[in-house]
Amino acid sequence: MPNQISQATPSKQIELASRPNGQPSRENFKESTVELSPIEDSEVLVHNEWMSVDPYMRGRMKEGNS
């Protein structure tokens, strides 16, 4: 019998709120809670313990081509 989550699941989401000018700070990011759709057969729900931002992402935060 498959194990299925039949209800929406709350999830923390971190978004870029503004482009940093110099060193990124907390003010450049926005945290919100979103509802994930119920998990279907053949899908899995993963719980992340840590979030890491690679130095490569610094260029991606700038406006224009990186």
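Student: Which backbone nitrogen lies 2.9 Å from a polar atom of the side chain of Asn-28?

Tutor: This is a predicted model, in which local features need pLDDT of at least 70, side-chain atom pairs count only at pLDDT 80 or more, and totals for chains, interfaces and linings use all residues. Residues are numbered from 1 along each chain as its sequence is written, and side-chain values use heavy atoms, with hydrogens and water left out. The backbone nitrogen that lies 2.9 Å from a polar atom of the Asn-28 side chain is that of Ser-25.

Student: Is Asn-28 buried or exposed?

Tutor: Asn-28 sits in the loop between β1 and β2, where strands (E, at least two residues) are DSSP runs numbered from the N terminus. Leaving aside neighbours within four places in sequence, Asn-28 is in contact (heavy atoms within 4.5 Å) with residues including Glu-15, Leu-16 and Pro-20. Because buried means under 20% relative accessible area (1.4 Å probe, protein chains only), the 8% computed for Asn-28 makes this residue buried.

Student: What is the relative accessible area of Met-51, one of the residues that make the nonpolar surface patch?

Tutor: The patch of about 680 Å² also includes Ile-14, Phe-29 and Tyr-56, and the elements giving two or more residues to it are β1 (9-16) and α1 (56-60). Met-51 itself lies in the loop between β2 (29-36) and α1. Since exposed means over 50% relative accessible area, Met-51 is exposed, with a value of 58%.

Student: What percentage of the 66 residues in the chain do buried residues make up?

Tutor: From the N terminus on, the elements of the chain run β-β-α. Of the 66 residues in this chain, the buried ones make up 8%.

Definitions and conventions: Helices (H or I, at least four residues) and strands (E, at least two) are DSSP runs, numbered from the N terminus. Patches are made of residues with over 30% relative accessible area and no salt bridge: like charges are joined within 9 Å, nonpolar side chains (Val, Leu, Ile, Met, Phe, Trp, Tyr) within 5 Å. Accessible areas come from the Shrake-Rupley method with a 1.4 Å probe; for residues, only the protein chains shown count as cover. A salt bridge is a side-chain nitrogen of Lys or Arg within 4 Å of a carboxyl oxygen of Asp or Glu. A polar contact is a pair of N or O atoms within 3.5 Å; within protein, one must be able to donate a hydrogen and the other to accept it, and residues adjacent in sequence count only if both atoms are side-chain atoms.
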